[in-house]
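Open the model in your viewer and keep the selection tool at hand. The tour goes from helix pairs to single residues and then to the core.

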Amino acid sequence: MEKISIPQELKKMNSIFEAAGFEAYLVGGALRDTIMGKEAHDWDIATNAKPEDVMRIFRRVIPTGIKHGTVTVHFMKRQIEVTTFRTESEYSDGRHPDKVEFASSIEEDLSRRDFTMNAMAAKLRDGRIVDPFCGRSDIEAKTIRTVGNAHERFMEDGLRPIRAIRFASQLEFSIEKRTFEDIFEEETLKKIASISAERFRDEFCKILLSHRPSAGLRLLEQTGILKIFIPELLEGRGCVQRDSRGFHEFDVLDHNFRACDGAPCDKLNVRLAALFHDIAKPRTKTVSQNCDEIHFYNHDCAGEKLSQGILRRLKFSNDTVQKVSHLVREHMFFYESAWSDAAVRRFVRRVGAENIDDLFDLRLADVYGMRGENSSDAESCAKSRTSDEKGSLAELKGRIEKVLSQNSALSIKDLAIDGNDLIAIGIKPGKEIGAALKELLEFVTESPEMNTREKLLEEAKRFLG
């Protein structure tokens with residue numbers, strides 16, 4: 001009999017269940033992670049206690065999903081989801097079961113779950129594992145397989161094929177042949193297309209935050225799911241970038257995928273920006289008359305608008321839309337040591353001091369995505385270019401830190417005067433005030449020592465003419 005070690009908090013929770021005459025099991029991702037030797041974080045519990053029973057025997061319970069049999073128990077400084085054993089019927093909306101009926105056993109409850117690796121349970125009393133669908137052996141084989149018939153599982157919930165790809169990306173597993181083949185079915189793709197943008201977005205973000213998101217992104221492309229939700233990305237497939245200058249080895253789409261791999265795995269905004277930074281290249285591509293140079297003029301500006309539209313369509317927050325599209329817009333900056341201090345201040349003013357680190361991470365991801373590991377001399381070329389870029393960025397960062405330490409005026413609000421001061425000396429309210437403040441900001445960008453009330457008012461008098 002296979003067992004796992006049950007945490008002390010869950011043992012104490014189980015004692016409350018058993019004292020009231022109920023049984024409880026650890027289920028879901030926490031059990032899967034434990035079996036894989038990973039640290040489990042969020043605990044999900046399945047029990048034969050009804051929601052009203054759980055609310056009666058525990059002191060702090062929130063009815064978070066009570067109509068589907070789920071409540072959240074606050075216990076020993078933890079928030080633990082507790083769901084009653086259940087069976088489900090048809091899923092008319094592709095998300096929620098039309099009817100939830102409580103099941104009599106854990107085995108019956110597990111039979112409704114999506115993948116075998118998620119259809120296991122561990123009894124809280126002794127850690128005994130219940131595994132009716134051989135989920136543990138699939139975990140050992142690094143295989144994602146549906147519980148029962150793949151088509152039936154996918155038609156119950158259109159999110160499940162995307163979850164299969166997300167798990168494949170996160171866990172670095174492969175999808176079992178019949179499970180994978182069904183994702184390509186026309187009826188399955190229609191079901192996938194029926195899910196909400198928010199539900200796709202949440203799984204998409206988890207793919208992007210996996211160790212190597214390109215693996216999941218390529219599965220989304222291969223299965224046709226990417227075409228459903230982000231067709232603009234596919235314009236990059238076959239869009240050649242390599243020319244006589246030898247900057248790029250890949251087409252636009254593979255470059256974007258690899259750049260996403262090269263971005264920090266804990267920065268979603270940077271990974272989104274890396275995926276979208278060159279998305280407008282296919283729409284801006286030009287080829288020189290003698291066909292030896294390829295250009296993508298203003299693809300950064302076009303990419304900003306394109307990424308804004310995609311992110312809004314996928315219901316990302318306004319903050320994410322703004323930050324990611326801004327990074328896409330600014331990713332083409334070119335620094336040289338010859339920049340004046342004023343040029344550095346203008347750069348910080350345009351980009352925003354709060355975005356500098358993310359923009360530098362994006363630049364390094366862009367460089368990472370230019371060459372493959374297995375091409376001739378690619379590794380040494382990539383390392384050399386990355387080293388050069390890191391050195392250039394380190395120099396620029398040092399200069400930026402110096403500028404910031406000098407309390408330079410980087411925005412109109414940093415000026416020693418404001419609009420009221422300009423009105424007081426006779427400048428008319430309205431457009432004239434805004435134009436004058438912009439001119440004064442440019443004035444102190446060139447000469448920071450001029451940012452005093454007296455000197456700015458003296459300079460402002462020339463706007464009176």
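Angles between axes under 35 degrees count as roughly parallel, over 145 as roughly antiparallel, 65 to 115 as roughly perpendicular and the rest as oblique. The axes are lines fitted to C-alpha atoms, for helices over the stretch in contact, and the angles run from 0 to 180 degrees between N-to-C directions. Helices (H or I, at least four residues) are DSSP runs, numbered from the N terminus.

This is a predicted model, in which local features need pLDDT of at least 70 and side-chain atom pairs count only at pLDDT 80 or more, while totals for chains, interfaces and linings use all residues. Residues are numbered from 1 along each chain as its sequence is written, and side-chain values use heavy atoms, with hydrogens and water left out.

**Stop 1: α15 and α18**

Select residues 268–276, helix α15, and residues 318–330, helix α18. Their axes come within 9 Å and cross at roughly 50°, so the two helices are oblique to each other. The crossing of α15 past α18 is right-handed (the near helix is turned clockwise from the far one by less than a right angle; anticlockwise would be left-handed).

Which residues of α15 meet α18? They are Asn269, Leu272, Ala273 and Phe276, and on the α18 side are Thr320, Lys323, Val324, Leu327 and Val328. Contact here means heavy atoms within 4.5 Å. The residues of this contact divide into 6 nonpolar, 2 polar and 1 charged. Ala, Val, Leu, Ile, Met, Phe, Trp, Tyr, Cys and Pro count as nonpolar, Asp, Glu, Lys and Arg as charged, and the others, Gly among them, as polar.

Now select Asn269 alone, in α15. Is Asn269 buried or exposed? Asn269 is buried, because its relative accessible area is 19% and buried means under 20% (exposed is over 50%, partly exposed in between, with a 1.4 Å probe and protein chains only). Not counting residues up to four places away in sequence, Asn269 touches Thr320, Lys323, Val324 and Leu327. Add Thr445, 176 residues apart from Asn269 along the chain: their C-alpha atoms are separated by 30 Å.

**Stop 2: α14 beside α15**

Keep α15 and add helix α14, residues 252–262. The two axes come within 7 Å and cross at roughly 160°, so α14 and α15 are roughly antiparallel. From α14, Asn256, Phe257, Ala259, Cys260 and Asp261 make the contact, and from α15, Arg271, Ala274 and Leu275. These residues divide into 5 nonpolar, 1 polar and 2 charged.

**Stop 3: α7 and α11**

Select α7, residues 160–171, which packs with α11 at an angle of about 155°, the axes being 8 Å apart. That angle makes α7 roughly antiparallel to α11. Ile165, Ala168 and Ser169 in α7 meet Pro213, Gly216, Leu219, Leu220 and Thr223 in α11. Just after α11 comes Gly224, with a positive phi near 95°.

**Stop 4: Arg363**

Select Arg363 in helix α20, residues 356–368. Arg363 counts as buried because its relative accessibility is 11%. Leaving aside residues up to four places away in sequence, Arg363 touches His331, Met332, Phe333, Glu389 and Leu393.

**Stop 5: the core**

A nonpolar core is a set of buried Ala, Val, Leu, Ile, Met, Phe, Trp, Tyr and Cys residues joined through side-chain atoms within 4.5 Å. The largest one has 99 residues, and Met13, Phe17, Leu26, Ile45, Ile230, Phe276 and Phe347 touch the most other members. Another core, of 14 residues, lies apart from it, with Ala409, Leu422, Leu440 and Ala460 among them.
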